[in-house]
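Here are my notes after going through the file you sent. Have the viewer open while you read, and check each point as you go.

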Amino acid sequence: MSTETDYKLDPVTLEVLKNAFVTIVDEMAEQILRTCHSFVIYCRDFSSALCDAQGNTVMQGSQDIAVHVGTLHLTAKAVIETFGEDIHEGDLFAINDPYSGGTHFNDVRIIRPIFHDGELIAFSHSNGHWADVGGSVPGSFDVSAKEHFAEGIRIPAVRIADRGTMRDDVVELIVSNTRVPSDAKGDLRAQAESTRVAEREILRLCEKYGGNTVVTAFEEVQDYVERLTRKRIGELPDGVWETEDYLDFDPAEGEGLVPVKVKLEIDGEELRYDLSGSHPAVATFLNSSFGTTFSGIVGGTKTFFPDVPLNSGFYRAIEVDAGEENSVINAAWPVAVTGFCSGGYEKVTNSVYELWSQVMPERAMACCFNLEYLLVGGRDARTDDRPVFMWYDWMVGGWGGRNGKDGANCTSPVFGVGLAVQPLEGQERLTPVLTTAHQIVPDSGGPGRFRGGVGVSKGGRLTEAEDAVMSYCCDRARSITWGIEGGLPSIPHGVWLRREGEDEAKFLGATFSNVDVGPGDVFTRPSAGGGGFGDPLERDPEAVVEDVADGYVTIERACIDYGVVVNEVDAELAEYELDADRTEQERKRIRDERAGWLKEDAEKVAERYRDGELDTMDAIRRHGVILDWGTGELFERTTEQFRAMLKRRAADHWNGG
Amino acid sequence: MTSVAVDVGGTFTDVCVLDDDSGDIRVAKVPSTSDPLEGVLAGVEEAGIDLSDVRLFSHGTTVATNALITRRFPPAAMVTTRDFRDVIEIRRGTRDDLWDAYKDVAPPYIRRRDRFEVTERVDFAGEVVAELAEDEVREVARLLKKREIETVAVCFINAFANPEHERRAAEILREELDGVSVTTSSEVLPEIFEHERFSTTVANAVLSPLVGGYVSRLADELEQRGYQGDLLLLHSGGGVMTPRTVEKLAVRLAASGIAAGAIASRHIAALCGHENAIGLDMGGTSTDISLVYEGEPKVTKEWSVEYGYPIRFPSIEVLTIGAGGGSLAWIDEAGSLRNGPQSAGADPGPASYGRGGEAPTNTDANLLLGRLGTELIGGGMELDRDAAEAAIRDKVADPLGLDPIDAAGAVIEVANANMADAVRLISIRKGYDPREFALVVFGGAGPLHGAALARELMIPTVIVPPNPGVTSALGCLLVDVRHDLSEMYSGKADEVDAGEVEEAFARLEKDAREMLDAEGIPEDRVRLTREIDMRYVGQWRALPIEVEAPLESLDPVVEAFHAEHEREHSYRREDSPVEVYQLNVRAVGETEKAELPSHDADGGDPEPTGRRKVVFQRGEDAVEAPVFARDDLPAGAAFEGPALIDQLDSTVLVPPGVKVEVDEWLNIRMQIEQEDES
């Protein structure tokens, strides 16, 4: 069996080794899950990879978080660049540097070189999101950071084990800069162990097949994926597709949407992306560096090739020009980038979905809800030792409507659908926050012929908390999750806070940090639904009736958004029926008038909103008007941009209107 | 007297009858029916069973699994804490297919419109934050009656910490609703994490009337036909339960039957003196792999019938992969040779079946290599070698530039590698060294691949039971009554009062004894095992550590935890505090199990019935190998490969140099010498 092959492998050995590499990276994942400390990691915010001696990714975990895809080879290469020949058997390296291909500081990567017969043949690579890496706010997500210094410890490639001996001083330096050093050390340990699992398995393969064969397979598995990808691309029509999406605003400039531009070109077997013309970096931490922008492109593209394995072969088939240096999606040191996953990354990914929806209409999908992280951190006064607590929460939301199918309800974010939401019963044990609700938000799905999936809302009341602050990392309070092919937007993201003793909740927006909160304060926030697909007036009225029976859509909005008039037969039996005649009339009326609604004087719309005559959904879906949802103040420039967007994605696709 | 096992599958109902005196095994197969009861009775008839002569009737059924998948159950509703009715729809949010945005998670078992909310709330410690609004519960009861709901799940937040509100709500619902089945989450599964607890409870609620009804109808029918014992139902945890327990815990019948193969392989390995065994059940379309360590099958609580809806009862861990005799070999777009998971199924089946199948399968490759003969089922079926060769040539050999025999070897090599990867997942990945295990191979196709897999995985011994095709059904006859009870109990190990833990265990054990007593298990046949789930403070997953009774101190338990953590994960953290998380009691009522017949060794040398040219190793020439009939091999027979052993439902492949021995239970044992012992 152990025949040494000098160059090309036979197809059987290649298939066997390819599958073995998949097994190895998945085995790493299993190891992490069983021993990690950070709940963020436990909820699957981690990834594993096997890289070749040059740092190229040979295989990435089949259940990995999307946002890490396409970045792990960059940090492996950073280690090689830093240490060169000074890499030895038994060494371990750590890195979390977004300016060297990392994602954000919380994503700490542990990298182990693998040697066979004294020769470096591979790296095993474990990336885990530590719950805290220091910085100015618990959880290390400081929205207001303009430079990275407020965001926690930056670890360039460093050696944490030297020929088999842990460098405890270096490890201490790292974990001492976090709020819970024992958890950080536990995670580091779990990750180091997972890279060891990969080493053991690679060496087993070397024993069996010979080192040269395994190394050749590293290369050929990448070639295989590149060949497969190029072949698929070659079968598609050539062409150029362009779109733009927006971040909410740049505080340095005041109101106004911040464009991210994405151009896709298919030319034979070549696939090119060009992101030039995107807005300069914003004065918050929502920028993304090249690595994570590349990840958004890879993850977005991969969604349209779900069965192609992920490795550097796939990345080689994709050419990316990120455009001008220091744009919002090509940020460089020391611009803050920790919130990239809610900002630039997210916009790139949804843009890529939209572009491919035109190339492959049979797999089309509208925009999905925005990744959101809500953080409440402080001291837990329920016990005498008042430990630090972090209520660190993210939600599911709605995915975009699809061609022939409603969007998925209540699904993890595009950031990674393997990211599991946390059980509130676990959170209540660990933190002085009592969850007030975790439920679906009616009407949150963007109206469309195929409705966007519905989002949810979750909130809490602080009980015995001390010195607590709240931060929120999200976006799309203004650049509302959009529909395509005539479909409408969903609802804005953003947190509402009602102080103890006050009657009304205040709107805090979709990005803020370090807001003081205390016992009795109640907060909540919705997640957006997905955007709609196709003209909502063409939705099957019976599907709307079903949605009403289950409360995904209210009777009122069935009429406003879909022009479908539903009569209640017996709510106690959840029986509703369609009023076909009035539906026809209503749909005709909307068809005749809706173009005009989108041109109504925006300030007048804002006024009607402030008077309580219109609600948020009316303003967005009917009038394309964007306001401060708390005060009702009009964002004039934003509205102008949003209306142009609505025209392009919705109104232009409507028949007879 | 006889022992009877009836295993209802999707297509066939298998009946296995063991004569307790002679040890003879009789088998019958009838088509499964839409009311599975009819199939069971037809099978009993087909097998010629006199029910008054049956000592033990054991039953594995897909009734529960099918009901969940098809959503065919009576009108069901959920009553839950205000503002939390969507917990079971929100799930944990994840999707099993990470990249395919067109593949969705199945909808919840109870529609949103049938999920009702009432005001109530307790906190993490069980303190009441909002009182239960009893008038709201009565109002919900009125609506449920109006909607003609037949079964209700009551699921309140933090009910594991204080079940009082659930208990009271259930009481009111029972008062107001006659004949409606009411299930509470604190009764079904008093564990933390709302979605997991609610999901298990909801599955139990929707299954209760249906499965309970089926089981009691079957028990009645059997009794009328003369059966005097208890109907025993196989549950996912690898034990059986009586209809009495099914009434309360119908959800435990989900995935009934999947455990049977694991149980059978444990039993067979134990007969052969192996406490550690990997079971490999390879059929036509898939292979089920299970693992037994130190006499116990590996059990998991992380499973579901459908992705997203966990059922948190212990279930024997079985890994199923799409590799079987009928799995297709194919070349993908980038020129790589693949195997499965698509299968030619029973119709058209492999190309060599001559029923119009043109795609090459593992069966076709085995035929071409001479590993399979051209006759199957004792001459009952003829295989077409030319058709197999044509399929392999067209679809594999020509595209890869190989000759057909070499291509057939390649097909099998890829299939074996896939299976070996799967075995690695449940062994090496979990810290078990395959070299310490015996490989028990069964199912029609398993014995053809066993020796090669053992060599690949460095497993020293392969065991092929006497009737590979019905070994799985046989497993139903080899199990005990078993219940799994648990209670949340959390605290740091060095702060926990051992006396309190002892009391909690005593409570669980009392409940367990009562359950077994109600099922007629005499005291001397009751075995209770205690476990504490423990973890390092900060960790999320816990490891179960077995503890002695009575418990006097936690110190030895903590030490055992460190050791187990090191065995499973290769490291320990002596400096880190350890946490107690949950207490478990496993209650076993030993049943009188069927005994497999043993035979005296007969020293005679068996005579081959013929010879066949077989390619044992890809790239090597065919070797002429003797072919034995399994029925001709007496206990004590011993020889060395190369050889083939044909039997009605399977063929055993013995590579050159492998030593074969037939033991007193007529198992074939193969000793696999490893190429590299270093």
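The points below go from a sheet in chain A to its helices, then to the partner chain and a few backbone details.

1. Before anything else, bear in mind that this is a predicted model. The numbers that follow are all computed from that predicted model.

2. Start with the sheet in chain A. Seven strands make an open sheet in chain A, in the order E2-E1-E5-E4-E3-E6-E7, and the pairing is antiparallel. At the edges sit E2 (57-60) and E7 (165-166) of chain A, each with a pairing partner on one side only.

3. Within that sheet, have a look at E4 (residues 107-116) and E5 (residues 119-129) of chain A, which run antiparallel and are joined by 10 bridges. If you want a residue pair to get your bearings, A:Asp107 stands opposite A:His129 in E5(A).

4. Which helices should you look at against these strands? One is H1 (residues 11-35) of chain A, which packs on the sheet and touches E1 (46-52), E2 and E5 of chain A. The direction of H1(A) makes about 145° with that of E1(A). Another is H5 (residues 181-209) of chain A, lying across E1, E3 (92-95), E4 and E5 of chain A. H5(A) runs at about 25° to E4(A).

5. H1(A) and H5(A) also meet each other. Their axes come within 8 Å and cross at roughly 160°. An angle over 145 degrees counts as roughly antiparallel, and therefore that is the label for H1(A) and H5(A). The crossing of H1(A) past H5(A) is right-handed.

6. For the residues behind that contact, the H1(A) side includes A:Leu17, A:Ala20, A:Ile24, A:Met28 and A:Ile32. Facing them from H5(A) are residues including A:Ala190, A:Val197, A:Ala198, A:Ile202 and A:Leu205. Don't read it as purely greasy, though: the contact of H1(A) with H5(A) has 11 nonpolar, 5 polar and 3 charged residues. Among the residues of this contact are A:Glu27 in H1(A) and A:Glu201 in H5(A).

7. Now the interface. How many residues of chain A are in contact with chain B? There are 65 of them, in contact with 58 residues of chain B. At least two residues each come from H1, H2 (39-42), H5, H6 (211-234), H10 (424-430), E14 (433-440) and H11 (541-550) of chain A. H1(A) gives the largest share of this side of chain A, 14 residues. By class, the side of chain A that touches chain B splits into 29 nonpolar, 18 polar and 18 charged residues.

8. As for chain B overall, I'd note its 16 helices and 35 strands. Its C-alpha atoms fill a box of roughly 80 × 60 × 60 Å along the principal axes. A compact globule of 678 residues would have a radius of gyration near 26 Å, so the 27 Å of chain B agrees with that.

9. Last, some backbone spots to check by eye. Most residues other than glycine have a negative phi, and most peptide bonds are trans. In chain A, the bond from A:Trp333 to A:Pro334 is cis, with omega near 0°, and A:Pro334 is in the loop between E11 (318-321) and H9 (344-359) of chain A. In chain B, a cis bond joins B:Gly340 and B:Pro341, with omega about -5°; B:Pro341 is in strand E20 (residues 337-343) of chain B. A:Arg163 is not a glycine, yet has a positive phi of about 45°. You'll find A:Arg163 in the loop between E6 (158-162) and E7 of chain A.

Key: Residues numbered from 1 in each chain as written. Chains lettered and ligands numbered in written order. Predicted model: local features only at pLDDT ≥ 70, side-chain atom pairs only at ≥ 80, totals over all residues. Pairing = 2+ DSSP bridges. Helix = DSSP H or I, 4+ residues; strand = E, 2+ residues; numbered from the N terminus. Contact = placed C-beta atoms within 7 Å. Axes fitted to C-alpha atoms, helices over the stretch in contact; angles between N-to-C directions. Nonpolar A, V, L, I, M, F, W, Y, C, P; charged D, E, K, R; others polar. Parallel < 35°, antiparallel > 145°, perpendicular 65-115°, else oblique. Left-handed = near helix turned anticlockwise from the far one by under 90°. Rg over C-alpha atoms; globule rule 2.2 N^0.38 Å.
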